[in-house]
Amino acid sequence: MHLYEQHPYWLMKNGLVANYPSLENGLTVDVAIMGAGISAALTAWYLRNSGRSVAVFDKRHVGMGSTAASTAFLQYEIDTPLTELSRYVGEQDAVKSYKLCREAIYDIAHICKTLKPAFDFHLVPSLQHASFKTHTVKLHDEYLLRKKHGFNVDWLDCADIKKTFGFDAPGAIFSQDGGEVDAYLLTHALLADFKKKGHHVFNNTAVSELIHGKNDIKLRTHDGLLITAKKLVIACGYESLKYVPKKIAEIHSTYAMVSEPLPDKYFWHKNSLVWETATPYMYFRVAGENRILIGGRDDPYHHPNIQPAVIAKKTAQLKKAFCKKMPHIPLKPDFSWAGAFAVTKDGLPYIGTIPEMRDTYFALGFGGNGITFSVIAAEIIRDMILGKKNNNAGLFLFNR
């Protein structure tokens, strides 16, 4: 799959962070991980002290799939509102899913502190505003349900929003729990720490065939080399779908842009994450170097690529929508790109095993919460591989 087109800001800013070799000889490990994006890196990192030998393989370079195009908009709110998710899975499990995503934000904050050197991570609040007046009642119901279950949220009316954020909206939920991170750099930092424990990371190592034996799994590379493992983790993002025998997600194309740097006076209340209730929704946040990141304008997945004229058009639409809200900010696009984006029916990820593939674990953190879902997946898969019970695994099963 073409997972992004043109110039993702993080990749252009950071470049090639580290070099990893391709596989040159056959290898035997306890756990093989396919993929080397943020989902795979988190899973590898959680397994680094497990007593198992672990190796990570990617057909590209580390982080250069969907992770390079991630906007790393870290909110605990799942794309499916809590009120709606409660109708899908029951209120108790819906609330638990939301709370796990909130915990994952703070887990990432803790991980970033423990990395040496400490990794740059920021906790920031978020604002979800009603796109239209007709959305206000449902959004307020959402606020009441979150408040009932202990989420740290406030309701802002149109006057509050105008006073605090400087734009017009009929109502909004202001939440204290959100975050922002450079997912591409974090992937490299996690794998560097993982390697210090004696594990392996390989670039340019494409797997062409999976062979499930009685006591092991063999991965045959395009070069004909064999990787033998007791356990396999598939964390290839949207490309993992080819290994799942049933349809579990719809693939969309999504768009993002990052502005030129701006003076501090143009930024808003606590540099909050801002997003709306429309589907698809537009969102924006402060990126590094005093830049503004804007994303959205999703449409059906373009295969095999998206023409520059389409990205230019979407960039103009994102800029226009932002400037309508914030006309006082002299925003100029500097980087723009398109990426793949998967949506599940209930907005939840798929984590765990399928009957067709023994000793194989999937970390599929689809949706707008890909990074927080990846933290949850890493914890669950670690426990599964180590034979430990995880009380959250049942929320994300393939047969739900």
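Mentor: Buried means under 20% relative accessible area, exposed means over 50%, and partly exposed is whatever falls in between. Keep in mind that we're looking at a predicted model.

Trainee: Okay, so how does Arg297 count at its relative accessibility: buried, exposed or partly exposed?

Mentor: Arg297 sits in strand β17 and has a positive phi of about 60°, although it is not a glycine. Its relative accessibility is 37%. Because that value lies between the 20% and 50% cut-offs, Arg297 counts as partly exposed.

Trainee: Which residue takes a positive phi in the hairpin of β16 and β17?

Mentor: Those two strands pair in the antiparallel sense over 5 bridges, and Val286 has Ile292 in β17 as its bridge partner. The hairpin has 3 residues between the strands. In the loop there, a residue that is partly exposed, with a relative accessible area of 46%, takes a positive phi near 65°: Glu289.

Trainee: How many of the residues of β16 are buried?

Mentor: Strand β16 covers residues 283–287 and is mostly covered. To be buried, a residue needs a relative accessible area under 20%. Going by that, the count for β16 is 5 of 5.

Trainee: On to β15 then. Which residue stands opposite Tyr283 in β16?

Mentor: β15 runs over residues 273–276 and pairs with β16 in the antiparallel sense over 2 bridges. The two form a hairpin with 6 residues between them. Opposite Tyr283 stands Trp275.

Trainee: And which peptide bond is cis, with omega near -5°?

Mentor: Look in the loop between β15 and β16, where Pro280 is found. The bond leading into that proline has the omega you quote, and it runs from Thr279 to Pro280.

Trainee: Which residues form one aromatic cluster with Phe73?

Mentor: You've already met two of them, since Trp275 stands opposite Tyr283. The structure holds 20 aromatic pairs. Joining Phe73 in this cluster are Trp275, Tyr281 and Tyr283.

Trainee: What about the second largest pocket: which helix gives the most to its lining?

Mentor: The pocket has a volume of about 500 Å³ and is lined by 20 residues, with Glu276 and Lys324 among those nearest its centre. The lining divides into 11 nonpolar, 3 polar and 6 charged residues. With 3 residues, the helix that gives the most is α9.

Trainee: Last one: at what distance from the ring centre of Trp45 does Arg48 lie?

Mentor: Arg48 lies over the face of that ring. A charge sits over a ring if CZ of Arg is within 6 Å of the ring centre, and here the distance is 3.6 Å.

Note on methods. Residues numbered from 1 in each chain as written. Predicted model: local features only at pLDDT ≥ 70, side-chain atom pairs only at ≥ 80, totals over all residues. Heavy atoms only, no water. Buried < 20%, exposed > 50% of the residue type's maximum accessible area, 1.4 Å probe, protein only. Helix = DSSP H or I, 4+ residues; strand = E, 2+ residues; numbered from the N terminus. Pairing = 2+ DSSP bridges. 1 Å grid on protein atoms, 1.4 Å probe; cavity = no way out; pocket = protein on both sides within 12 Å on 5 of 7 lines; lining within 4 Å. Points joined across faces, edges and corners; volume = space filled by probe spheres on them. Nonpolar A, V, L, I, M, F, W, Y, C, P; charged D, E, K, R; others polar. Phe/Tyr/Trp six-rings, centres within 6.5 Å; stacked < 30°, edge-to-face > 60°. Lys NZ or Arg CZ within 6 Å of the ring centre and 35° of its normal.
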